[in-house]
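Here are my notes on one sheet and one cavity. Please read them with the structure open.

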Amino acid sequence: MKRKIYFLVFIIFFLLLSAGYKSIKDRDYIPDNSSPYYQWEDQKKAKLLIRYGQTITDMIWNDPTIIKDGMLYKMWLSGGKLSDQGKDVNIYIATSQDGITWKINPKPVLFPGNPDDFDEKGVETPSVIKVDSTYHMYYTGTNFKDSHEGRFAIGHATSQDGINWIKDSRNPVIPRTFNGDGPGEGKPNAWGWISVAEPGAVYHEGQFYVYYVGSKLRKDDYSGAEPKIQMGVMLAISKDGSNFTFRPDPVLVQTTSHPHKDGYYGYSTPAAYIDNKSQFHLFYDTAKYISASNQFSQVSLAHAISGDGINFTEKEIDIVKNNQGGWMDVEIRSPFGIEKDNELLLYFAGGWTEGGIGVLKGIPQN
């Protein structure tokens with residue numbers, strides 16, 4: 001929502017800085033996607049489940065995160081009105097009996113913070129997990145000052161019912177700048193210096209793993225090639241969900257499947273889950289520079305796996321791509337995977353006024 005609106009602003013701001021940061025060329029890693037992990041339905045069979053303007057007039061729905069909670073599926077999602085131009089984005093909840101037909105509660109469950117809070121301007125991209133009887137939400141927030149430069153940070157909130165949330169007093173739990181307690185290191189070409197955003201959380205063996213996007217200036221500007229900014233998937237780990245340690249380098253960066261030379265920033269909006277074999281899965285979208293008038297667009301979905309939650313290998317690319325017509329024509333973004341029976345339901349957002357949130361089914365091959 002707001003990220004697209006403010007992206008042009010911070011692109012211009014940071015292009016002015018990039019000339020002074022040239023060194024070793026940032027390389028695009030080689031994936032192993034010769035043997036797909038899932039057998040996917042044809043992309044054109046992806047079904048639109050939640051439409052623009054559903055429940056609330058003029059509302060654009062985005063960023064689904066879902067859990068199976070007893071007999072219900074629960075989805076938390078970002079919602080912002082097109083007429084507001086992203087100025088008022090909140091987090092909502094929807095419920096479903098089958099994961100297909102959804103009822104959205106028209107009252108937001110998480111709001112922007114108080115004046116001078118890190119999230120005073122807006123909240124979005126929720127990621128919700130349930131640990132014992134407590135729901136934990138990680139979300140992207142920004143304040144009025146930082147939003148004009150496209151800077152974000154990550155907050156945490158807890159709830160006993162998934163509706164009434166209490167924000168963490170330590171927020172932002174994943175800050176942008178590095179002062180001994182964040183990933184940015186104070187250097188323009190350090191991961192997370194520009195922004196940290198778009199969390200995707202899982203809980204495994206007593207620890208919270210929060211994957212998120214960190215962005216930085218490239219060390220080499222490729223003789224003026226766009227984009228000057230690179231995005232990678234980072235990881236923060238916590239035992240209590242509030243106090244984190246940060247890995248300084250990404251667990252996943254763009255590969256030769258989506259190289260910088262073709263205009264890709266890297267990967268965005270990661271969502272994680274752990275399968276019954278204790279393998280970590282990341283679904284994410286690819287972000288691309290299109291033109292001077294459309295500098296940031298999310299254009300396809302991809303998938304990586306890991307045995308330890310740290311060392312990921314990209315296994316599948318272009319699971320769903322844009323330019324498919326209809327609601328999948330303009331953009332493809334914000335994936336989230338959840339297992340149901342012997343299938344994986346891959347939810348994602350597409351389009352804008354002609355779009356919403358849909359699903360594609362996949363069957364594991366091994």
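1. Start with a single pair of residues. Val 123 has Gly 141 of β8 as its bridge partner. Keep in mind that this is a predicted model.

2. Now widen the view to the two strands. β8 covers residues 134-142 and pairs with β7. The sense is antiparallel, and the pairing runs over eight bridges.

3. Which order do the strands of the open sheet take? The order is β7-β8-β9-β10, four strands with antiparallel pairing. β7 and β10 (165-167) are the edge strands, and each of them pairs on one side only. From one strand to the next, the twist averages 30°.

4. Next, the cavities. How many of 30 Å³ or more does a search of the whole structure find? The search finds three. The second largest holds about 120 Å³ of space.

5. Which elements give two or more residues to the lining of this second largest cavity? They are β3 (59-69), β7 (122-131), β11 (195-204), β15 (264-274) and β19 (332-340). So β7 turns up twice in this note: as an edge strand of the open sheet, and as a contributor to the cavity lining.

6. Look at the lining itself. It has 17 residues. Those nearest the cavity centre are Pro 64, Pro 126, Pro 199, Thr 269 and Pro 270.

7. What is the chemical make-up of the lining of the second largest cavity, by nonpolar, polar and charged residues? Nine residues are nonpolar, six are polar and two are charged.

Notes
Residues numbered from 1 in each chain as written. Predicted model: local features only at pLDDT ≥ 70, side-chain atom pairs only at ≥ 80, totals over all residues. Heavy atoms only, no water. 1 Å grid on protein atoms, 1.4 Å probe; cavity = no way out; pocket = protein on both sides within 12 Å on 5 of 7 lines; lining within 4 Å. Points joined across faces, edges and corners; volume = space filled by probe spheres on them. Nonpolar A, V, L, I, M, F, W, Y, C, P; charged D, E, K, R; others polar. Pairing = 2+ DSSP bridges. Axes fitted to C-alpha atoms, helices over the stretch in contact; angles between N-to-C directions.
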